[in-house]
Structures are given as C-alpha cells and as structure tokens.
Amino acid sequence: MDDVEFDYVIVGGGTAGCVLAARLGEDPSLRIAVLEAGGRDWNPVFRIPLMTGVLLRNRYANWFYHTEPEPDLGGRRIFWPRGKVLGGSSSINGMVYVRGLPSDFDTWAQFGLPSWSWDRVQPYFRRSERYDGGGDATHGADGPLRTSRPPSSSPASDAFVAAGRQAGFPESTDFNGPSPEGVGRYDFNISGGQRWSTARAFLAPALRRGNVQVVTRAHALRIALEGRRAVAVEAAVRGKPQLFRARREVLLCGGVVNSPQLLLLSGIGDADALRPLGITPVHDLKPVGRNLQDHLLVRVEHVCTQPVTLHGLMRFDRAALAFISALAFRRGPMTRFPLEAGGYLKSDRALDLPDLQCHFLPGLSTAALRLPGLKPPKLRHDGHGFFANAYQMRPESRGELTLASADPMAPPRIQPRYLSAVKDRLVMRRAVELLREIFAQRAFDPFRGEELSPGPAVRTPTQIDEWVRNNADTVFHAAGTCRMGPGVDAVVDESLRVHGLEALRVVDASIMPTITSTNTHATAIMIAERAADLILGRAPPAPAAAG
C-alpha cells in the first residue's frame, strides 16, 4: 500500500489518544492520523453504563491481557482488561471520575517536574469537564466531557455512607473537592443515562472538522527512525502493511501496555534485553517498561437480607427489559453504574492523608455470581448480596513489562509484582479490617447477612494475609511504564518527549512517575489535555481562583 503523510501520527485511539487528536485538530491547518488497533464504538452496548461488566469480558473491545504468575498472589495470573476500541478503556471502564489527591501531583513536582504540580494541572481537569451540577472553582462547565453525580439508587448505598460516619470517618461532599477524605458519593462520566467516553466526548466532534482521520484495525508494528528522529509508524491495517509518515511528530497513546511494547519492538529500550529476542537496539533506554504500578483490591462480601440489590436483574426477562428501557428511553437501572458510594480512608488514623480508597456496590461480585462464560464462582450464594472493595492508594510494589518475543502480535510479559513490598501487605490486611468495621455498624443492621468473603473462618492476621494472597485482584489502574522525569531512570522528559530522540512523545497513563491515589481515568485525560498545549506551544489555562 502507498505511504500516507500527516503532520501528527497518534498511535492509539484510546482515552488519551481521542483527547489529543481533538485538541490538536482545533488547528485547521494540521492533518492528524489516529491509528487504533481495535474497532469503532458503534455498538449501543458501549452507551449503556451497566454493560461495563460485559465489556470488561468481551474480546471485541478488549486486549484481554493476563499477567505472568504472581509470586505473592499464590502464583495466580491476574486478568488485565484494557480497552481495544475507539475510546480505549474509557469505553469499557466503570466511569468513576476522580482526579487523585493534590499531593499526588505535588509529589511529581518534587521529582523534578515542577510544571506538573497540582496548581499547574488542576486547570486542565476543569477544561475537560462539563459538570451537570454547573461550573465552579472545582468543576468545569464548558468542556466536552460530561460528568455527573447521580442521586442514590439503593438504601444499601445510603447505609454504607451512614456506616462510615458511625465508624468515625468524616463525610466528604465531593471527592474532587478541597476536602476529599471520608465517605461519600462518586462522580461519573455518565449523563442522560449514557456513558460518555473520550471517543464520544472528544473524538466524534473532532471528526466532523475533517482534519482528523481515524484508521481502525490498525495494529502498530514499529516506529521508523531516521537517525535520532521518529518519522513514521509502520502498521498492519486489516493485515496489510501501511506506513504512516509524520511531518512533525509521532505521538504514542497506547497506554501502560502498548506504548512501552511498541518502543521495545522498535529497538528503543534496554539493549541487553532486546538483542536476545533478535531485535536490533537503536536507542538504549533501559527504563522502558519498568516502574509498573497498579492498585490491588480486596472485597468484603455479604448476603443481603432485603431485596434492595441488583439481584433482580439476574433474571433474563428483567435484564432484557432494563436494557431496552436504557437503550430506547435512557431510563432504568442500566443507565447508571452502581459504585455510587465509597470513601477515601486512613488505614491508620495518625496518617496525614488517606491511603485506602473503597467502593460499595449493592450486588454480588463475579466471585459469587453464576454467569455464562465465566468460571464457576468461588462463593456459593444465589440471592441478594452486597460488597465493598478497597485498595491501597499509593502502593510501594513495582513491576515491569517486557517483551515475550519480537512478534508484534504477541502479548508482552506483564509482571506487576503485587505485594512485593512488605508495607503493601500490611495495608491490604488493614483494608479488610476497615471494611469489616464499617459493615459491623448499626446502619447495616437491616441489611447485613452472612459474610461470604473472606468469611467467618478468616480472622487472624495470618489468615487474612493468606486470604489476600489467594483472592486479591486488580482494579485496572496500571501506570508508570514510560516514566516521566529528568534523569536516567525516566523514559520521557517534562514535555513528554522520549529522552534522546526527536519528534517522539508518549501521552498516556504510562508516563506517571507515581500512580495517582485514585482511579486513573481522569488523570489520563488531563495528561492529553496538557500534552496538546505542550506540542502546539500554547499558553496553559489560568489557575482557578480556589479549589
């Protein structure tokens, strides 16, 4: 096939790629290509919030990665869903919209990245948002990304917030506000009963301008260099080779897995690790793929003694009716995602900052449900139930991503090394204890049945630690494999340019020096918003007056 040329070639039409394409495309003189390995988000299932559980387990929209056996999780291989569709993981995730704590970004600044401090990045969060409650010093009102805080849909969710207060935690009126510590309710990328992915919010309007071209089913194979300059991306488009030339820059937005993988496949990485795979090193950059971080979660799960959970949707006729209602009228239980309540909690009250995030769901997890296509459940309960999960906000464990082979179609080796840091094990044990403490409060007396997991037999610290090893799971917040920083342990600099090369940047969650304390989706959007200004040399937005 003939080569094609653009000003910018964006590899990855996911969360960050859609934002970056839209913002660069605001300059009508530029031509931008977006290469997406997956397909388009045409299916109405992508619009219906409660279909997240299906999308996370559907190969059409999912890379379906798995980790290597994890030594500190009993040798288990952990399922890592990542979006493989326009919108990327924003098209399949739980839509929770939280930014992280201001201290997360001030920590980045202390790592030699002063332009990524909270006061510098907060305006970019606001610029993206169109908050249903209206704009203020905290929330934006004029951006393309719709966010909202739905009213409670379950008395069990109300009970969680009340029980958190009874357990001695404060109540937070806004997890994105100036006082996020405590129990409260989450914001979501949901509006009008529908999901708002970055493909819908950012990319769809950009395509109408005519200077952004999306190529789906385009699997990137390598970055082509001329000397030290990135000049093109070679991709297999529906199995046929195509070269996409970049007059200005190549921009990697493949995420925490695919961005480092493409660098390594292109000979950019640890030369000593690439040669045995038959890959000729072109730029020895040892940190590529290292610094992998993720949030590991545990769940405490109970039988519910009242019919106030999602169990009614397990009947096919009720689920079908709810789906039709959501699709045709944007009403009903499928138009929302039920992780409405949660908290930012301290595992030790003496801490300065919360170190645990939790989410409550008025329903059972897949560990208890018998669903088609899934393994038989570990737990045995057919009926109403509820659970809360919790994870350590700032884990100390670090892993890495490496190539399994030189084959661009082969999945890489993902080794998070969960719980390899001793402190992480102690905090996860405390997470189980805190969730049990909340569920023991009187607010749950009308709803609390038998504890399904960990179960009454798991009580001592040793028993809890063993249960965590055998049951903890990821909450899909991986970050850090193309770390940003000024030194030799970083992949990209403060402007997201790959160290030692020209015309090549990484723009996605992989550049985080340390993982944000909460869900990473909003931060990935912020990174792309800021990258567009860096690339085009535009002045940053003015800081908010307060918040």
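Which backbone nitrogen does a side-chain oxygen of S197 reach at the start of α6? To find out in this predicted model, select S197 together with the opening residues of the helix: the side-chain oxygen of S197 comes to within 3.3 Å of the backbone nitrogen of A199.

**Helix α6**

Extend the selection to the whole of α6, residues 198–207, where seven of the ten residues are buried, so that the helix is largely enclosed by the rest of the structure. The buried positions to colour are T198, A199, R200, A201, F202, L203 and A206. To see what surrounds them, display the elements against which these buried residues pack, namely the helices α1 (15–24), α4 (118–128) and α12 (521–536), along with the strands β6 (145–147), β9 (194–195) and β10 (212–216).

**Helices α10 and α11**

Next, select α10 (residues 422–439) and α11 (residues 461–471), whose axes come within 10 Å and cross at roughly 105°. Because angles of 65 to 115 degrees count as roughly perpendicular, that is the description that applies to α10 and α11. Showing side chains brings up the contact itself, made from α10 by R425, M428, R429, V432, E433 and R436, and from α11 by P461, I464, D465, W467 and V468. Coloured by class, the residues of this contact divide into six nonpolar and five charged, with no polar ones.

**Strand β19**

Move on to L356, which lies in strand β19 (residues 356–361) and, at 2% relative accessibility, counts as buried. Leaving aside residues up to four places away in sequence, L356 touches G343, Y344, L345, S347, Y391, Q392, M393, V427, A431 and L434. For a sense of scale, add P28 to the view and draw the C-alpha to C-alpha line to L356, which spans 45 Å between two residues that are 328 apart in sequence.

**Aromatic rings**

Finally, turn to the aromatic side chains, among which the count comes to 19 pairs. One of these is formed by W42 and Y60, an edge-to-face arrangement with 6.5 Å from centre to centre and 75° between the planes. The two residues are 18 apart in the chain, with W42 in the loop between β2 (32–36) and α2 (52–55), and Y60 in the loop between α2 and β3 (65–66). Switching on a surface helps here: W42 counts as exposed at 60% relative accessibility, whereas Y60 is partly exposed, with a relative accessible area of 29%. As a last stop, select F105, W108, W116, W118 and F125, which ring pairs link into a cluster.

Methods:
Residues are numbered from 1 along each chain as its sequence is written. This is a predicted model: local features need pLDDT of at least 70, side-chain atom pairs count only at pLDDT 80 or more; totals for chains, interfaces and linings use all residues. Side-chain values use heavy atoms; hydrogens and water are left out. Buried means under 20% relative accessible area, exposed over 50%, partly exposed in between (1.4 Å probe, protein chains only). Helices (H or I, at least four residues) and strands (E, at least two) are DSSP runs, numbered from the N terminus. Contact means heavy atoms within 4.5 Å. A polar contact is a pair of N or O atoms within 3.5 Å; within protein, one must be able to donate a hydrogen and the other to accept it, and residues adjacent in sequence count only if both atoms are side-chain atoms. Axes are lines fitted to C-alpha atoms, for helices over the stretch in contact, and angles run from 0 to 180 degrees between N-to-C directions. Angles under 35 degrees count as roughly parallel, over 145 as roughly antiparallel, 65 to 115 as roughly perpendicular and the rest as oblique. Ala, Val, Leu, Ile, Met, Phe, Trp, Tyr, Cys and Pro count as nonpolar, Asp, Glu, Lys and Arg as charged, and the others, Gly among them, as polar. Rings of Phe, Tyr and Trp (its six-membered ring) pair if their centres lie within 6.5 Å; planes under 30 degrees apart count as stacked, over 60 as edge-to-face and the rest as tilted.
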